[in-house]
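Notebook open, viewer running. I wanted to go through this one helix by helix and jot down what I looked up.

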Amino acid sequence: NSMMNETLKDIENLETIVNLLEDGASDEKRSAMYMIKNIIANKKSQVKSFEEYYEANGFELGRN
């Protein structure tokens with residue numbers, strides 16, 4: 001399941017980020033911030049694709 005693989009990869013990346021932020025030098029902390037921003041951008045893209053798919057197929061998305 002690609003969604004599960006992606007979730008496992010996100011967990012691995014987030015664990016790496018925590019280690020870099022806790023123990024890393026300043027360049028490693030910058031790298032951790034880049035990784036966080038990349039994960040956020042990826043998740044936003046997934047949400048956009050999901051919304052576009054549902055809108056294109058006539059489904060109504062309720063958002064709070």
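Before anything else, a reminder to myself: this is a predicted model.

**Entry 1: helix H1**

I started with H1, which covers residues 2-23. I checked its length against expectation: 22 residues at 1.5 Å a residue should span 32 Å, and the end C-alpha atoms sit 31 Å apart, so the two agree.

Next I looked at how H1 begins. Asn1 caps its N-terminal end, with a side-chain oxygen 2.9 Å from the backbone nitrogen of Met3.

Then burial. Which residues of H1 are buried? I got Asp10, Asn13, Ile17 and Leu20. They take up an arc of only 85° around the axis, so they are on the same side of H1. Asn5, Glu22 and Asp23 are exposed on the other side. I also wanted to know what covers the buried residues, and helix H2 (26-56) is included in the answer.

I clicked on Asn19 as well, since it is in H1 too. With a relative accessible area of 45%, Asn19 is partly exposed, because that value falls between the 20% limit for buried and the 50% limit for exposed.

**Entry 2: helix H2**

Same length check here. H2 has 31 residues and runs 45 Å from first C-alpha to last, close to the 45 Å expected at 1.5 Å a residue.

Its buried residues are Ala32, Met35, Ile39 and Glu51. What do the buried residues of H2 pack against? They pack against H1.

I noted Gln46 in H2, which counts as partly exposed at 31% relative accessibility. After the helix comes Gly58, and its phi is positive, near 80°.

**Entry 3: the core**

How many residues make up the largest nonpolar core? I listed five: Ile17, Leu20, Ala32, Met35 and Ile39. H1 and H2 are the elements that give two or more residues to this core, and H2 has the largest share with three residues.

I followed Ile17 a bit further. Leaving out residues up to four places away in sequence, Ile17 touches Ala32, Met35, Ile36 and Ile39.

**Entry 4: two distances from Ala32**

I used Ala32 as a reference point. Asn19 is 13 residues away along the chain, and the C-alpha atoms of the two are separated by 8.9 Å. Gln46 is 14 residues from Ala32 in sequence, and here the C-alpha to C-alpha distance is 21 Å. For context, Asn19 is in H1, while Gln46 is in H2.

**Entry 5: aromatic rings**

My search of the whole structure turned up three aromatic pairs. I took a closer look at Phe50 and Tyr54: their ring centres are 4.5 Å apart and their planes are at 40°, so this pair is tilted. The label follows because tilted is what remains between the 30 and 60 degrees limits.

Where do Phe50 and Tyr54 lie? Both are in H2, four residues apart, about one turn of the helix.

Are these two rings' residues buried or exposed? Neither label fits: Phe50 is partly exposed at 42% relative accessible area, and Tyr54 is partly exposed at 26%.

Last thing I wrote down: ring pairs link Phe50, Tyr53, Tyr54 and Phe59 into a cluster.

Definitions and conventions:
Residues numbered from 1 in each chain as written. Predicted model: local features only at pLDDT ≥ 70, side-chain atom pairs only at ≥ 80, totals over all residues. Heavy atoms only, no water. Expected span 1.5 Å × (residues − 1). Buried < 20%, exposed > 50% of the residue type's maximum accessible area, 1.4 Å probe, protein only. Arc of directions from axis to C-beta. Contact = heavy atoms within 4.5 Å. Polar contact = N/O pair within 3.5 Å; in protein donor to acceptor, adjacent residues only side chain to side chain. Core = buried A, V, L, I, M, F, W, Y, C linked by side-chain atoms within 4.5 Å. Phe/Tyr/Trp six-rings, centres within 6.5 Å; stacked < 30°, edge-to-face > 60°.
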